[in-house]
Each structure stands twice: as structure tokens, then as C-alpha cells.
Amino acid sequence: MVMMLHGGSTQLICLTASSGVPLLTRGASKQLPFSVIGSLNGVHMFGGGQGVTLSSCQTACGGRVLWRVFHDSVVLIAVRRDQQAGGAGSQEEEVCLQRLLENVWNCMVLILGRDELVNVKNVERLKRDLRSCFGLIDQLLEERQDGVLGNLTHCVDSLLPPSTVLLQEALEGFARAADSEFGCLIISGRVVVATEKWWRLDPREVVLLSALMRVLSESRSASCDYPVFLPLGSPTVAHRLLRFQLLPGADVCVLCGPTPSLHRTETELVRCFWTPLVETLRDCLAVGERCLPGCVSLRTDVLALLLINRETRRSVSCVQTSTNHSLTDPPLPSKERCWELLKLFYIFSTSRYFSQDDTLCVSPEEKAVRQNTEDFVLGFSHQPLQCYLITQECKSYAMQTPQHQLFLLIPPSVPTFALRTVATQTLTDITTATGF
């Protein structure tokens, strides 16, 4: 029996690769002193001068530092402070931080474009421009919205309403009227429906666009016209992101060219296509953080779940309160802790047992970490399809099929031999009712 980590405090540092001038620091309530930041950059530059690539190290207090250079222009450093004892291994921690650094770089490209980051002509101007990225970077660091796991999984967080037919038709008509093939409806921070071309975007781009929509929604503006670059598909040519709030918590957006204007789209197209669907949108909002329609009845012994469709790179996740918990049993983890445990178990499972479906999408640094996983898996005579972990707080079970990956948190009182049955029934219940 083991205990999983509580997440530590992460600080992000961005510097110029050539001179080490700090461009931004985010995260962690207690900032690192400038002398420490200089030392972290100095040791990395010294290694580079000696033909050695310093990518990560572990501190004596249990913290971790990762370096990543992008296009020989920008250095990102992630510093994870010491954590509570007895948690996930360094391999899992490194995979998580590698994802963070990649996401932050893509975030900066999304807002500013690659050219401005690669060809730095005025450092002070770049510092000012990077302020526009703070909201999105902070969301990546703080993970403020429970149940949004796409930053980690590189799968699109989705919400499954009772019916999507009317919403899909309205979205496609709205996108065509706006001279766009890229449209998306987001409710409670999760994608409900999208156009075919939107789904063809790289999952990392869809995840970041969804995160940007959440940031823009928090600004409480009814609409906005925002220039964005697609980090992988169009890093040097900007597109217009038109975003409109249909109801509090429900937003629609399109990626388009110079036309139509924001005013025309808001006053004519939004009203035409979405006003008749107000009640349908309210029904979707009622689904909320559960992400699953009422026709899906989850077992009471499922504390939390993450279900990934490996073909579409979409995911649904939720936490539910157990109603049959005995007062004589140890207390169950809180809702916030369940989300944290679910993330940690996902990292544990995918870094040790399960095959990764986004191998072509990862950085060379992350591939090096995954090589350890591949060597570990080679010790098996078969491809692991299921795994479980027993901790003091809960039991965790994961299973992999050709189409899905399912990760569950289950109360400790459930017998270990029953975990597979719980997982199999949960997967069948969701896929049969929703076709996900």
C-alpha cells in the first residue's frame, strides 16, 4: 500500500536563451530570488558550452527543476518545490512538468506568434507583450477548473449532453454564415460540439483554444475579436477568434478571416442561430461538471473517472460523492483531492504501463523520459491492458481497450477482486448510452 503525492508548488521562469534576460516569472506565492534564477540559467548555459544538455535535476529537498530551450531563442524553466513525503516517482513528475513547459510555449505562440518569440528584436517590448499571456499561463499552472485535464492528457475535455443533433446543426450553420469551417461550442469549460475541421486541428491546439475561451469567459465580456496563431498549424499567420457568450457558462467561437465583423456576427448571426436553442443550452448547462447525461447511471462505488476515446482524442471526467459510505469506514477524499488523485493515477498508469497514443506529438525530452517506460514494459511478455493501485485514500483501477482508456477511483472498502468488474461495467454503461 502506498500514498500518492499532494501536488507541489510550481514556478515558471522564462528567459532569453542568448543573454539570460528574464522575460516573465509566474506561479508560486513565494518567488525565487533573482540570484537563484541566475544560477539556474547559468548552470544550464555552462552545460551547453561543454556540449552537455541539462534537462532536469532533483533537489536534496525533493523538489525538481526542468529546463527546455525553444528555437534557440527562449528558455523555459519549471521549478517544482518540495512536496509531501511518499508520492509519485520522479519519472511521473518529469512527464508532468515536460507537458507544462510544452503547453506554456504553445500558449505564448498562440497569443504572440512564433516569429515574435524566435526573432527577438526588442526585449523590453517582448516583456510587455508577454503580459497578454499571463492569464492563460496562470491557468496552466494553477489548474483552477476541476475536471479540465486536457493540459495533462492532450485530449479534449468534453461534455456529453442528452442530444447533440440540434446543437451540431446550429453550429455548422453559424460557422458557414461566418465564412468559417472552424467552429466550437463550449459549455462549463468543455467542448460539446465542433465542426469537422475543428476536430482535425491538433489536439494540443484544441486544448489551448478551449483554455483561452475559459480565460476570455472569466473576463465577463459578452463577445470578443481576438487574434490567435495555431502553434502547430499556423504559427506565423494569425486568425481571428470570434467568441460569443450565449449564456453564462456557454460560449461559441469560430476561427475566421477578415470578415464578417464582430458587430454583424453578434447582432445578426448569433441571434439567428442560437436564440431558438436557449432551452437546449440550459439543458446542457444542467449536465455541469458531471459531463455525462442523466441517462448514464454510474455505480455508487465510483468516486471519480476519466474516460479517454483514443481514436478521437476526446475525454470525459467527473467526480461523484459516494452515497453508501459507512460512517465506520475511513473518510473518503474530498472532491478536490479526488481530482488530484485522478491526475496522479493517470500519470502513474501512462508512464509505466499503458501505451501512449500521442507519441508523434511529444518533445524529444519527453520521449527520452518515455524510453524508460518502454524499457519497463519490455519486461512484460504482453502489452499491459489493466493495472491497479491501492493507497490509503482509495483504490485506483485503469483499463485499456483498442478504443478507450478508463481510469477510476474507488473507495477502499470495495474488494480488490471486484475492481475489474466495476471498471468493465462503468465503461459499458457510458459507451452504450452515449456512443462515446
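**Q386 and its neighbours**

I started with what Q386 touches in this predicted model. Leaving out residues up to four places away in sequence, I found F354, Y397, A398, M399 and R420 on the list. Q386 sits in strand β14, which runs over residues 386–390. I looked up its exposure too: Q386 is partly exposed, at a relative accessible area of 30%. For Y397 I also took the spacing: 11 residues from Q386 in sequence, and 7.5 Å from C-alpha to C-alpha.

**Overall tally**

I then stepped back to the whole protein. I counted 14 helices and 16 strands. Of the 436 residues, 53% are buried. Among contacts with a separation of 6 or more, 65% are between residues 24 or more positions apart.

**Helix α1**

Does the length of α1 come out as expected or not, I wondered, at 1.5 Å a residue? Its 16 residues (34–49) should span 22 Å, and the end C-alpha atoms are 22 Å apart, so the two agree.

Next I asked which residues of α1 are buried. They are I37, L40, N41, H44 and G47. Looking down the axis of α1, I see the buried residues fall within an arc of 120 degrees, so they line one face of the helix. The general rule behind such a pattern: an α-helix has 3.6 residues a turn, so residues three or four places apart point the same way.

On the face turned away from the buried side of α1 I noted the exposed residues F34, S35, F46 and G49. I also checked what covers the buried residues of α1: the cover includes β1 (10–16), β2 (22–26), β4 (64–70) and β5 (74–80). Just after the helix, G51 has a positive phi of about 80 degrees.

**The loop between β4 and β5**

Since β4 and β5 turned up in the cover of α1, I looked at the loop between them. H71 lies there, and so does D72. H71 is not a glycine, yet its phi is positive, about 55 degrees. D72 is likewise no glycine and has a positive phi of about 55 degrees. Exposure came next: H71 counts as partly exposed at 44% relative accessibility, while D72 counts as exposed at 72%.

**A cis peptide**

I found a cis peptide bond joining T259 and P260, with omega about 0 degrees. P260 belongs to the loop between β11 (250–256) and α10 (262–274).

**Cysteines**

How many disulfides does a search of the whole structure find? I got 0. To see why C133 has no partner, I took the closest cysteine sulfur, in C107: it is 4.9 Å from the sulfur of C133, too far for a bond, given that a disulfide needs the sulfur atoms within 2.5 Å. C133 is buried, at 0% relative accessibility. I checked C394 as well, and it is in no disulfide; the nearest cysteine sulfur, in C338, is 6.8 Å away. C394 is buried too, with a relative accessible area of 0%.

**Aromatic rings**

My count of aromatic pairs came to 9. I picked Y346 and F407 for a closer look: the ring centres are 5.2 Å apart and the planes stand at 70 degrees, so the pair is edge-to-face. This pair links distant parts of the chain, with Y346 in helix α12 (335–352), F407 in strand β16 (404–410) and their positions 61 residues apart. Both Y346 and F407 are buried. Following the ring pairs on, I get a cluster of F345, Y346, F348, Y353, F354 and F407. F354 was already in my notes as one of the residues touched by Q386.

I also noted a charge over a ring: the charged end of R26 sits over F134, 4.1 Å from the ring centre.

**N103**

Last entry. Is N103 buried or exposed? Its relative accessible area is 6%, so N103 is buried. N103 lies in helix α2 (residues 90–112). Not counting residues up to four places away in sequence, I list L140, N151, H154 and L208 as what N103 touches.

Terms used: Residues are numbered from 1 along each chain as its sequence is written. This is a predicted model: local features need pLDDT of at least 70, side-chain atom pairs count only at pLDDT 80 or more; totals for chains, interfaces and linings use all residues. Side-chain values use heavy atoms; hydrogens and water are left out. Helices (H or I, at least four residues) and strands (E, at least two) are DSSP runs, numbered from the N terminus. Buried means under 20% relative accessible area, exposed over 50%, partly exposed in between (1.4 Å probe, protein chains only). Contact means heavy atoms within 4.5 Å. The expected span of a helix is 1.5 Å times one less than its number of residues. The arc is that of the directions from the helix axis to the C-beta atoms. Rings of Phe, Tyr and Trp (its six-membered ring) pair if their centres lie within 6.5 Å; planes under 30 degrees apart count as stacked, over 60 as edge-to-face and the rest as tilted. A charge sits over a ring if NZ of Lys or CZ of Arg is within 6 Å of the ring centre and within 35 degrees of the ring normal.
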